[in-house]
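Reader: Please take me through one part of this model closely. I would like to follow how its helices and aromatic rings sit against their surroundings.

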Amino acid sequence: AEEEPADPADPADPDSPLHLTGYTQPALFALEYALARLWQSWGVQPAAVLGHSVGEIAAATIAGVMDLPDACRLVAARGRLMQALPPGGVMATVVCDEATALAAIGEHGATVSVAAVNGPADTVISGPVDAVAAVTEVLAARGIKNRLLTVSHAFHSPLMNPALDELRAVAASLTYRAPRIPLISNVTGKAVKAGEIDAGYWVRHAAGTVQFADCIRTLHDDSFR
């Protein structure tokens with residue numbers, strides 16, 4: 001029997017449009033925001049909120065930093081601008097700490113970046129295909145495992161730079177308030193202070209390293225379990 005064609009919206013399908021960041025980012029935001037509001041409707045109120053990359057936009061919205069229409073404009077523009085960038089970048093997770101990853105990046109530092117630090121031995125690097133391959137080869141020679149991620153672009157790397165000016169312009173058109181709920185920042189790994197989030201913040205957030213491990217340490221140090 002012939003196989004039925006894959007559902008184009010099936011995320012398990014490698015050709016699904018959900019793997020295109022112009023769709024992925026708004027879909028992630030919508031799911032995360034909706035789940036948070038559902039939990040709140042059940043009486044589950046957060047004592048602090050934290051997201052990962054685009055997830056921080058949802059967390060900031062739940063914290064009252066932005067209203068929902070502004071958050072939707074930001075996440076839609078972010079996804080659209082990144083989708084419009086040329087393809088050719090990749091991301092890889094490497095089983096080592098940030099310092100080890102940075103040492104392996106070495107001479108490729110102008111094009112390859114540490115995109116995220118998710119744990120003590122869970123780091124993501126991002127950049128052009130050939131340069132990332134060169135870095136993972138160095139790590140593999142030391143017995144450090146790596147795995148390519150399913151992404152459409154090299155997020156949190158210098159390949160994002162052409163999108164940043166327009167992202168800043170969109171972010172500058174939005175209204176920001178101090179968080180009503182403690183919001184932990186991917187940029188600093190610390191709780192967001194009043195006035196800290198502005199247009200420049202979302203540019204640094206898109207271009208820089210997601211300091212997720214530091215975020216978790218901050219919550220742990222503040223007795224969140």
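Author: What follows starts at helix α2 and works outward to its partners, then to a second helix pair. The model is a predicted one.

Start with α2, residues 55–62. Eight of its eight residues are buried, so the helix is largely enclosed by the rest of the structure. Those residues are G55, E56, I57, A58, A59, A60, T61 and I62. What do they pack against? The buried residues of α2 pack against α1, α3 (68–83) and α7 (199–207). After α2 comes G64. The phi of G64 is positive, near 90 degrees.

Take the α7 side next. Two packed helices are described by the angle between their axes and the distance between the axes. For α2 and α7, the angle is about 145 degrees. Their axes lie 11 Å apart. On the α2 side, E56, I57 and A60 make the contact. On the α7 side, Y201, W202 and H205 do so. By class, this contact of α2 with α7 has four nonpolar residues, one polar and one charged.

Now the aromatic rings. A pair of rings is described by the distance of the centres and the angle of the planes. How many aromatic pairs does a search of the whole structure find? It finds two. One is F29 with Y33. Their ring centres are 5.9 Å apart and their planes meet at 15 degrees. Planes under 30 degrees apart count as stacked, so F29 and Y33 form a stacked pair. Both residues belong to helix α1, residues 21–41. They are four residues apart there, which means a separation of about one helical turn. Are F29 and Y33 buried or exposed? F29 is buried, and Y33 is buried too.

The other pair is Y201 with W202. This pair is edge-to-face. The distance is 5.1 Å centre to centre, with 85 degrees between the planes. Y201 and W202 are both buried. These two residues also take part in the contact of α7 with α2.

Return to α1, one of the helices that the buried residues of α2 pack against. Y23 is found in α1. Setting aside residues up to four places away in sequence, Y23 touches P17 and L18. Y23 and C72 are 49 residues apart along the chain. Their C-alpha atoms are separated by 13 Å.

Last, the second helix pair. Helix α4 covers residues 98–105, and helix α5 covers residues 129–141. The two pack at an angle of about 120 degrees, with axes 9 Å apart. That angle makes α4 oblique to α5. The crossing of α4 past α5 is right-handed. Which residues make the contact? T100, A104 and I105 come from α4, and V135, V138 and L139 come from α5. By class, the contact has five nonpolar residues, one polar and no charged ones.

One residue of α5 rounds off the picture. T136 lies in this helix. Its relative accessibility is 10%. Buried means under 20%, so T136 counts as buried. Which residues does T136 touch, not counting those up to four places away in sequence? The list is A92, V94, I125 and N146.

Methods
Residues numbered from 1 in each chain as written. Predicted model: local features only at pLDDT ≥ 70, side-chain atom pairs only at ≥ 80, totals over all residues. Heavy atoms only, no water. Axes fitted to C-alpha atoms, helices over the stretch in contact; angles between N-to-C directions. Parallel < 35°, antiparallel > 145°, perpendicular 65-115°, else oblique. Left-handed = near helix turned anticlockwise from the far one by under 90°. Contact = heavy atoms within 4.5 Å. Nonpolar A, V, L, I, M, F, W, Y, C, P; charged D, E, K, R; others polar. Buried < 20%, exposed > 50% of the residue type's maximum accessible area, 1.4 Å probe, protein only. Phe/Tyr/Trp six-rings, centres within 6.5 Å; stacked < 30°, edge-to-face > 60°.
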